[in-house]
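Visitor: Could you take me through one part of this model up close? I would like to know how it sits among its neighbours.

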Amino acid sequence: MATTLTAAEIAGMIDHAILRPELTRTDVDAQLETAARHRIFSVCVRPSDVAHAVARLDGTGVAVGTVIGFPHGTTSTAAKVAESGQAITDGAAELDMVINVGRLRSGLLDDVEADVRAVVDAAGGRIVKVILETALLSDDEIVAGCVAAERAGAAFVKTSTGFAGGGATPEHIALMRRSVGPSVQVKASGGVRDLDTVLAFHTAGVTRFGTSGTATILSDAAGRDAGGSAGARVDDTSY
């Protein structure tokens, strides 16, 4: 069925990504200003930028999240726990951790689950999203990663880092949604650059979006709002 969302509702599902390694402090500040102006749900910044982003966004209502074990997921569990602790000390409200892709592909699911659980425990009740890097996985591996993340207490399973090629696809999103229970949400990231993609993915079950295309998406949504609803041009299709 078609999705109808206002621009404000879409803004409330966006984690604005500020993660590219080459970004200067000036670049970061410009993106933080974009986030505040559009009143999105949160920004997802590099770990070294958390404290600055928290201070800069104070009073705006925009939350600050960060990434753990990014972008490859191959740091040790102890390193991920330490990184999580520092992020929380710096004020991060949410953590997006990268699963250990190699161990998942090796079938070492107990190790994968323990890695996620350690970060969930370190988060102290804060939301943890587990990045699967779906472009590198078979369907069976995606299912196994989702199951491990849910068993470990993650709040979200997430498609991609955006740094490994590929990105979110309707097929992978549908598979992820089927693979977890209703208490676990799905986040799409990687290639989420336009409003039609957001609306289609929301129909497929996505409740949070990681994107650096926030301004374009919300500008288009506001334009469609003016004509009725942001969902006016979405095909009546369910993935």
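Guide: Let's look at helix H8 (residues 170-179): seven of its ten residues are buried, so H8 is largely enclosed by the rest of the structure. Buried here means under 20% relative accessible area, with a 1.4 Å probe and protein chains only; helices (H or I, at least four residues) and strands (E, at least two) are DSSP runs, numbered from the N terminus. This is a predicted model, in which local features need pLDDT of at least 70, side-chain atom pairs count only at pLDDT 80 or more, and totals for chains, interfaces and linings use all residues. Residues are numbered from 1 along each chain as its sequence is written, and side-chain values use heavy atoms, leaving out hydrogens and water.

The buried residues of H8 are Pro170, His172, Ile173, Ala174, Leu175, Met176 and Ser179. They pack against helix H7 (139-151), strand S6 (156-158), S7, helix H9 (195-203) and S8, where contact means heavy atoms within 4.5 Å.

Those strands take us to the barrel: eight strands close in the order S1-S2-S3-S4-S5-S6-S7-S8, with parallel pairing. Two strands pair if DSSP finds at least two bridges between them. Elsewhere in the barrel, five bridges join strand S4 (residues 94-98) to strand S5 (residues 127-131), and aspartate 96 has lysine 129 in S5 as its bridge partner.

Strands S7 (185-189) and S8 (206-211), like strand S1 (14-18), also each supply at least two residues of the lining of the largest pocket. That lining divides into seven nonpolar, twelve polar and four charged residues; Ala, Val, Leu, Ile, Met, Phe, Trp, Tyr, Cys and Pro count as nonpolar, Asp, Glu, Lys and Arg as charged, and the others, Gly among them, as polar. A pocket is an open set of points on a 1 Å grid over the protein atoms alone, where a 1.4 Å probe fits, with protein on both sides within 12 Å along at least five of seven lines, and lining residues have an atom within 4 Å of a point.

How values were computed
Buried means under 20% relative accessible area, exposed over 50%, partly exposed in between (1.4 Å probe, protein chains only).
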